[in-house]
Each structure stands twice: as structure tokens, then as C-alpha cells.
Amino acid sequence: MHIHSTCSDGSFTPREVVELAMQKGLKAIAIADHDTVEGVAEAVAAGQERGIEVVPAVELSIQNEQEKDFVELHLLGYFIDHQDEELNDVLDRIVQARIEQKIRQIKVLQDDGIDVSVEEVFSLVKGVPGRPHIAEVVMRRNPGRFASKEELFAEYLTVDGKAYTKRSFSLTLAEAIKVVVKAGGVPVLAHPGAYDKVKDIEAMMCRAQGIGLRGLEIAYTYNKNRPHHGLAAAEMQALLARFKALADELGLVQTGGSDFHGEGKDIELGEMGMDYVEFQELKAKSSFIDTLSPL
Ligand code: AMP
Ligand code: ZN
Ligand code: FE
Ligand code: FE
């Protein structure tokens, strides 16, 4: 219930994701690309052919000034009307800001003597550009310069890195929640345990609940993603339990998702997914009845 495709930084097309879901015997999936709904229609159509319910979704990136400059939060919008005009207008603005930001980031890398071109990076982009597109070209063009992609990110691309620049346009959390709700969707805060730069995540979630947040992503592949890569099973359980308790306390619906990006991460499609009852609970929070997917 939280999957990326080639429309953002995933390695499988929306149709390929649906095929894979079928092979795995999944009944429902959500395409939740970063700041775009471009992959939704293709996935919904493929899902109808294959008998899999495809939930129209999006993962909005928010640079939330209120918590701390540069802290990036991710808000999932599930069961959205992906044709909603206001949502699409906002997404266009975010994508434009991303394009402009990536060009600035590439220039910083070039000024530092790193071989990378705007054209080559953007030739990899099928929808929305992301830092992984830059990383792929830098690693390919500059063999030996960085021991790993992780090292490149640490030196240049993370928030504290030399090539990090802020986007010229970003939603606040309140605006992002509002745009998801207006598009009929359920706003869910993604991977709450991953925001290591937020000082008091509990307080932040209380505030988010007060401004319309309806759900929290509980089950999540923390041990396979930053900043908790390799987390031991017991610590992982503790992290999940901490946010489950908070969701219960705040009356937030609980979701689960793999954050599958395809190749390059050892995450399986469907990992940390939701059972049917949880899925129905989430669906019930949506005011958009997906007529495209009558399963
Ligand atoms: P962007 O959407 O351009 O901000 O890039 C975000 C994506 O970059 C994430 O979805 C991750 O896949 C990737 N990413 C972010 N930080 C790191 C890191 N430290 N190491 C590897 N990949 C990262
Ligand atoms: Zn991603
Ligand atoms: Fe995310
Ligand atoms: Fe994601």
C-alpha cells in the first residue's frame, strides 16, 4: 500500500508493478509516487485487467518550515481522485520546483569537478526527477570517486550535503492535508519513525491530527530504509509499537506499506502490507468512491 513506479524513482512501470503484484497474489496495491499521479491511470487499467484493486494514491513531499527548516515530511494521500484539478495544479507546481532544484543540485556537483550533466540525468526521468536519478549518473560517470551511493548522498545530496538546495515551492503540512482531503483522499503521515531531524515527533503528530491528519503508517520497512537500515528485530518491533500506541491514542487509522521502489533495494512488493480488514477501514475514511476500480 505504498509503492513507487518509474513515474517517480521506482524501477518498474505501473503496469509492471501490477503484474508483479499478481505474481505475488496480492489483492490490492497503492501506487504512491513522489509528487505525481501520472502512474495511477495505467496501474488502474492494468489492475482491472488482472483483477487487482489499484488504489489511486500519492506521496507528497513537504518541506515543513514550522518544525525546522529543511525537515522533509512525506504525506500519503490514499483513495484520491487522481483527476482532481486542484491536486493536479499543486503537483505541477511541486514538479516544476523539483526540476529547478535538481538542475541547481547538478550545477553544484559540476562546480565541484564531478562529471554529471543535466541532459543525462533527465534522460533517466520518466516523470518526476529525484535525487536517485542524479546519483545514478554520478556513480556511473565518476567511478572510484565515491565508495557507494550512500557516500555520495552523505557528502552531497542529503540535507547536510554540499549540493542540497531547498525547493522554491513547497506545501506546508496543513496545505498538503487539505489538498488530499479536497481530492477525496485519506491523508496519512508516511513512516513517522524515519524523521530523525524532527525533535518531537509525538507533538508534531498531535498537531497534524488537529489539522486533519487521518492516518499513520505503522507497518513499514524501517530496517531496509534510512535512517534505520539494518535495525534489529526487537528495535523494529519497539518502533512499530511506539507509533501504533500513538495512532490508537490519536484515533488515527493505521496503514502499512513496503515503500517498494523495485530494483536496488532488497524490499519485496507487499512486504509490511495490510490485511483486508485494515484495508477496508482505510477505504471507509475516503470520500472518493473510485468508480474506475469496482472490485
Ligand atoms: P528527492 O525526492 O529528490 O528528495 O529524493 C528522495 C529519494 O532519494 C528517496 O526516495 C530515496 O530513495 C533517496 N535517498 C534519500 N536519501 C538517501 C540516502 N542517504 N542514501 C540513498 N538514497 C537516498
Ligand atoms: Zn522514492
Ligand atoms: Fe517516503
Ligand atoms: Fe515512498
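The side chains of His-2 and Glu-217 are joined by a polar contact of 2.7 Å, a polar contact being a pair of N or O atoms within 3.5 Å, where within protein one atom must be able to donate a hydrogen and the other to accept it, and residues adjacent in sequence count only if both atoms are side-chain atoms. The structure is a predicted model, in which local features need pLDDT of at least 70 and side-chain atom pairs count only at pLDDT 80 or more, while totals for chains, interfaces and linings use all residues. Residues are numbered from 1 along each chain as its sequence is written, chains are lettered from A and ligands numbered from 1 in the order in which they are written, and side-chain values use heavy atoms, with hydrogens and water left out.

**His-2 and the metal sites**

His-2 lies in the segment before H1; helices (H or I, at least four residues) and strands (E, at least two) are DSSP runs, numbered from the N terminus. His-2 counts as buried because its relative accessibility is 0%; the classes are buried under 20% relative accessible area, exposed over 50% and partly exposed in between, with a 1.4 Å probe and protein chains only. A further polar contact, of 3.4 Å, links the side chain of His-2 to that of His-4.

The table lists the protein donors of three metal ions. Donors are N, O and S atoms within 2.8 Å of the metal (3.2 Å for Na, K and Ca), and since water is not among the atoms, sites may look incomplete.

| Metal ion | Protein donors | Distance range |
|---|---|---|
| Zinc ion (ligand 2) | Asp-9 (OD), Asp-9 (OD), His-34 (NE2), His-261 (NE2) | 1.9 to 2.5 Å |
| Iron ion (ligand 3) | Glu-59 (OE), His-74 (ND1), His-191 (NE2) | 2.0 to 2.2 Å |
| Iron ion (ligand 4) | His-2 (NE2), His-4 (NE2), Glu-59 (OE), Asp-259 (OD) | 2.0 to 2.2 Å |

The angles among the four donor atoms of the iron ion (ligand 4) run from 83 to 166°, and its site is irregular. Four donors count as tetrahedral if all angles lie between 85 and 135 degrees; four count as square planar and six as octahedral if opposite donors are over 155 degrees apart and all others between 65 and 115; anything else is irregular. The donor residues of this iron ion (ligand 4) follow the spacing H-x1-H-x54-E-x199-D. The pair His-2, in the segment before helix H1 (14-23), and Glu-59, in strand S2 (residues 53-63), links distant parts of the chain, 57 residues apart. Both His-2 and Glu-59 are buried.

For the iron ion (ligand 3), the donor spacing is E-x14-H-x116-H. Glu-59 coordinates both the iron ion (ligand 3) and the iron ion (ligand 4), which are 3.4 Å apart. Glu-59 lies in strand S2 and His-191 in the loop between strand S4 (186-189) and helix H8 (201-210), so this pair ties together parts that are 132 residues apart in sequence. Glu-59 and His-191 are buried.

The zinc ion (ligand 2) is 5.0 Å from the iron ion (ligand 4), and the donor residues of the zinc ion (ligand 2) are spaced D-x24-H-x226-H. Here the linking pair is Asp-9, in the segment before H1, and His-261, in the loop between strand S6 (253-257) and helix H10 (276-284), 252 residues apart. Asp-9 and His-261 are both buried.

**Ligand 1**

There are 13 residues around ligand 1, of which Arg-98, Lys-102, Arg-131, Glu-150 and Arg-226 come nearest; a residue is counted if one of its heavy atoms lies within 4 Å. An oxygen atom of ligand 1 lies 3.2 Å from a polar side-chain atom of Asp-9, and an oxygen atom of ligand 1 is 3.4 Å from an N or O atom in the side chain of His-34. Asp-9 and His-34 are also among the donors of the zinc ion (ligand 2). For Arg-226, a polar side-chain atom lies 3.1 Å from a nitrogen atom of ligand 1.

**Nonpolar cores**

A nonpolar core is a set of buried Ala, Val, Leu, Ile, Met, Phe, Trp, Tyr and Cys residues joined through side-chain atoms within 4.5 Å. The largest has 73 residues, and those with the most contacts inside it are Leu-60, Leu-75, Tyr-78, Met-205, Phe-243 and Leu-282. Helix H9 (residues 233-250) supplies the largest share of this core, seven residues. Beyond its neighbours within four places in sequence, Phe-243 is in contact (heavy atoms within 4.5 Å) with Pro-192, Gly-193, Ile-201, Met-205, Leu-216, Ile-218 and Tyr-222. Another core, of 16 residues, lies apart from the largest and includes Ile-106, Val-138, Leu-152 and Leu-157.

**Asp-115**

Asp-115 is placed in the loop between helix H3 (85-111) and helix H4 (118-123). Its relative accessibility of 40% is why Asp-115 counts as partly exposed. Not counting residues up to four places away in sequence, Asp-115 touches Val-138, Arg-141 and Asn-142.
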